Amino acid sequence: MAKESAHFSLPRRYEVVADALRRNIAEGRVPDGTVLLEGPVAELFRLSRAPVQRALAQLEGEGLIHRFEGRGYLAGTPGVKRRRVDLLTLDLLLPVEADNGFQNRQTWRRIYAAVEADVTRCLVFGQYRIIETELAEHFDVSRTIVRDVLGRLQERQLVDKNQSSHWVAGPITAQTIKDQFELRKILEPHGLISALPMLRPGQLPDIRDRLHAHEDWDETAIGDDFSELSNLFVNDIVLATPNLGLRDLIRRNLHTVLMSQQVLRQLGLPQDRASIVEQRMMVELLMHGAVEAAAAMLLTHIEAAKQRTIAQMKIVAVLPQPISIAPYLRRADAATD
């Protein structure tokens, strides 16, 4: 008589990811058109990319997600409007019991956005210490959760540790802005040239039409889409480069640039409307095969964006320090151990 094996084991990691995504898609927690990339999904589940890749392939086979002319997958059926959403902002149900990597997830996700907003608001006013104990008390969480959140903010270059191993944020200065944009000049033209063979037919006219449609809209009409539109050329064209190392460098530096712009927006300064027109002109050059001219104009566009941002920084320089600084933040020159 054959020996029967009857034992139970935890589901494999890719099954955990697939089950969680399947449920969230079915319940509408992942909106149709949401872009699902291996990296952000792996970060969300605290796993390597291998099980995430297998999980996404399984969901594609089930018709719950599909590939498109770009990186990653789109949730829903083909033809849905693409949505780039930070998965951390979605109200996802995740299986905390399935793996140690899921522990305390809901807690850190609950406070992450608030901490990020608190820190971002103070960046242009100097360098601030983040007091771990007071941060933990403010949100009534453990120091482990606090360090998890701060570690993620460090990955996004929003905070760092000083020589005394204290968490600090800022300052964003005119020199910081200049350095970021100079890196853009070095990286993005190379990304543009290498990305062109990767673009799908019809992609350039689609991008051109989208930019053109918004040139005369005011920022209140565009709403939250303005930030995406202001960097559409980089996100949809330059970042299509097959050079993964170059892509990562561009994305990391651009995140720092966007963070600076986010600070200025929160202070009530206007969006960079000229960037939409400039991007549309670069796309039209590419449509006519003028690749070198488009790359040259990209340099001009980056320089112009740098000057506009620095001009806004000069306005900020005369603003008083905001009163509503979070209680766990201290000016670095005033913080004590």
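Here are some numbered notes on this structure, which is a predicted model.

1. **Overall make-up.** A quick orientation to begin with: the chain has 14 helices and seven strands. Of its 337 residues, 44% are buried. Among contacts with a separation of 6 or more, 76% are between residues 24 or more positions apart.

2. **Helix α1 and its geometry.** Helix α1 covers residues 13-26, and its 14 residues should span 20 Å at 1.5 Å a residue; the end C-alpha atoms are indeed 20 Å apart, so the expected and modelled spans agree. After α1 comes Gly 28, which has a positive phi near 80°.

3. **What α1 buries.** The buried residues of α1 are Tyr 14, Val 16, Val 17, Ala 18, Ala 20, Leu 21, Asn 24 and Ile 25. Their cover includes α2 (38-45), α3 (49-61) and β2 (65-67). Ala 20 is a good residue to click on: it belongs to helix α1, and because its relative accessible area is 6%, under the 20% cut-off, it counts as buried. Its C-alpha atom is separated by 8.6 Å from that of Leu 92, although the two are 72 residues apart along the chain.

4. **The three-stranded sheet.** One open sheet has three strands in the order β1-β3-β2, with antiparallel pairing. The edge positions go to β1 (35-36) and β2; each has a single partner strand, so one side of each lacks a neighbour in the sheet. Strand β3 (residues 73-75) is joined to β1 by two bridges, and these strands run antiparallel. If you would like a residue pair to look for, Val 35 has Leu 74 in β3 as its bridge partner. Helix α3 lies across β1, β2 and β3, and runs at about 100° to β2.

5. **The four-stranded sheet.** The other sheet to look at is also open, with four strands ordered β5-β6-β4-β7 and antiparallel pairing. Here β5 (160-161) and β7 (329-331) are at the edges with a single partner strand each, so one side of each has no neighbour in the sheet. Helix α6 packs on this sheet and touches β4, β5 and β6 (167-169), its direction making about 45° with that of β6. Three bridges connect β7 with strand β4 (residues 128-130), and the two run antiparallel. Arg 129 has Arg 330 in β7 as its bridge partner.

6. **The α13 and α14 pair.** Two packed helices are described by the angle between their axes and the distance between the axes. For helix α13 (residues 274-287) and helix α14 (residues 291-316), the axes come within 8 Å and cross at roughly 170°. The angle is over 145 degrees, so α13 counts as roughly antiparallel to α14. On the α13 side, the contact residues include Met 281, Met 282, Leu 285 and Leu 286; among those they meet on the α14 side are Val 291, Met 297, Leu 298 and His 301. By class, the residues of this contact comprise eleven nonpolar, three polar and two charged.

7. **Gln 312.** Is this residue of helix α14 buried or exposed? Gln 312 has 15% relative accessibility, which is under 20%, so it counts as buried. Apart from neighbours within four places in sequence, Gln 312 is in contact with Leu 264, Arg 265, Leu 269 and Pro 270.

8. **Asp 140.** This residue sits in the loop between α5 (132-139) and α6 (143-155). Its relative accessible area is 68%, over the 50% cut-off, so Asp 140 is exposed. Asp 140 is not a glycine, yet its phi is positive, at about 55°. The C-alpha atoms of Asp 140 and Ile 111 are separated by 10.0 Å, with their positions 29 residues apart along the chain.

9. **Two more backbone spots to check.** Ser 165, in the loop between β5 and β6, is another residue that has a positive phi without being a glycine, here about 65°. The peptide bond joining Gly 170 and Pro 171 is cis, with omega about 0°. Pro 171 itself lies in the loop between β6 and α7 (174-195).

Conventions. Residues are numbered from 1 along each chain as its sequence is written. This is a predicted model: local features need pLDDT of at least 70, side-chain atom pairs count only at pLDDT 80 or more; totals for chains, interfaces and linings use all residues. Side-chain values use heavy atoms; hydrogens and water are left out. The expected span of a helix is 1.5 Å times one less than its number of residues. Buried means under 20% relative accessible area, exposed over 50%, partly exposed in between (1.4 Å probe, protein chains only). Contact means heavy atoms within 4.5 Å. Two strands pair if DSSP finds at least two bridges between them. Axes are lines fitted to C-alpha atoms, for helices over the stretch in contact, and angles run from 0 to 180 degrees between N-to-C directions. Angles under 35 degrees count as roughly parallel, over 145 as roughly antiparallel, 65 to 115 as roughly perpendicular and the rest as oblique. Ala, Val, Leu, Ile, Met, Phe, Trp, Tyr, Cys and Pro count as nonpolar, Asp, Glu, Lys and Arg as charged, and the others, Gly among them, as polar.
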